[in-house]
Amino acid sequence: MDLSSLKPAEGSIKSRKRIGRGQGSGRGGTSTRGHKGAGSRSGTSHKIGYEGGQMPLTRLVPKYGFKNINRVSYHAVNLETLQDFANSGITEITPELLRENRVIGRNELVKILGRGELTVKVNVKANAFSKSAEEAITKLGGSIEKI
């Protein structure tokens, strides 16, 4: 076997349609455009979504709800994640630290939630805190700071 004997798999290559090349091509006469009408002439086009007079799908499907442009979306970080940082000797937790460790994305806001257990005193800076997380951090003598 060498490079000269390589061939594509059976049926994987199809030859393109040669349209408008006479009767012998099997696609002569109307050249696959049908008979008469705007679609058979040169230079035809139609609007995006136009379906030949049939009710377009975009009008057929009902719309509902709305998008609140003032919505504030937080990335949730639980106490168990903070405990992992505390286990490795980090007690000052900030959004920058979470970004560096890829816990949150570049432009995400952070909300600390109360799932898991915290056993070490930590100082946390975040955009928001749940009540249970706030209590768990302050109970151990740690501090919280809302940014």
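**Thr32 and Lys36**

I began with Thr32, which counts as partly exposed because its relative accessibility is 47%, a value that lies between the 20% limit for buried and the 50% limit for exposed. I am working on a predicted model, and I placed Thr32 in the segment before helix 1. I then looked up its backbone and found that phi of Thr32 is near 65 degrees, a positive value although the residue is not a glycine. Lys36, which I also found in the segment before helix 1, has a positive phi as well, near 50 degrees, and is likewise a residue other than glycine. With a relative accessible area of 68%, Lys36 is exposed, since exposed begins over 50%.

**Val61 and its patch**

Next I looked at Val61, which I located in the loop between helix 1 (57-60) and strand 1. Its relative accessibility is 45%, so I entered Val61 as partly exposed. Which residues make up the nonpolar surface patch of about 390 Å²? I noted Val61 together with Met55, Leu57 and Leu60.

**Helix 2**

I then went through helix 2 (residues 79-87) and listed Leu79, Leu82, Gln83, Phe85 and Ala86 as its buried residues. They lie on the same side of helix 2, because the arc they cover around the axis is only 160 degrees. On the other side of helix 2 I found Asp84 and Asn87, both exposed. When I asked what the buried residues of helix 2 pack against, I obtained strand 1, strand 2, strand 3 and strand 4, together with helix 3 (95-100) and helix 4 (131-139). After helix 2 comes Gly89, for which I read a positive phi, near 95 degrees.

**Strand 3 and its partners**

For strand 3 (residues 109-113) I compared the two faces: Val110 and Ile112 form the covered face, whereas Leu109, Lys111 and Leu113 form the uncovered one. I recalled here that side chains in a regular strand alternate between the two faces of the sheet. I next followed the pairing and found that strand 1 (residues 74-78) runs parallel to strand 3, the two being joined by five bridges. Strand 3 also pairs in the parallel sense with strand 5 (residues 128-129), over two bridges. Lys111 turned up in the entries for both pairings, as the bridge partner of Ala76 and as the residue opposite Ala128 in strand 5.

**Ser130**

I moved on to the loop between strand 5 and helix 4, where Ser130 has its place. Is Ser130 buried or exposed? I entered Ser130 as buried, because its relative accessible area is 15%, which is under the 20% limit. Setting aside neighbours within four places in sequence, I found Ser130 in contact with Lys111, Ile112, Leu113 and Gly114. Among these, Ile112 belongs to the covered face of strand 3, while Lys111 and Leu113 belong to the uncovered one.

**The sheet 2-4-6**

Last, I traced an open sheet of three strands, in which the order is 2-4-6 and the pairing is parallel. I noted strand 2 (92-93) and strand 6 (143-146) as the edge strands, each of which pairs on one side only. Between strand 4 (residues 123-126) and strand 6 I found four bridges, again in the parallel sense, and Ala126 stands opposite Lys146 in strand 6.

Note on methods: Residues are numbered from 1 along each chain as its sequence is written. This is a predicted model: local features need pLDDT of at least 70, side-chain atom pairs count only at pLDDT 80 or more; totals for chains, interfaces and linings use all residues. Side-chain values use heavy atoms; hydrogens and water are left out. Buried means under 20% relative accessible area, exposed over 50%, partly exposed in between (1.4 Å probe, protein chains only). Two strands pair if DSSP finds at least two bridges between them. Patches are made of residues with over 30% relative accessible area and no salt bridge: like charges are joined within 9 Å, nonpolar side chains (Val, Leu, Ile, Met, Phe, Trp, Tyr) within 5 Å. Accessible areas come from the Shrake-Rupley method with a 1.4 Å probe; for residues, only the protein chains shown count as cover. A salt bridge is a side-chain nitrogen of Lys or Arg within 4 Å of a carboxyl oxygen of Asp or Glu. The arc is that of the directions from the helix axis to the C-beta atoms. Contact means heavy atoms within 4.5 Å.
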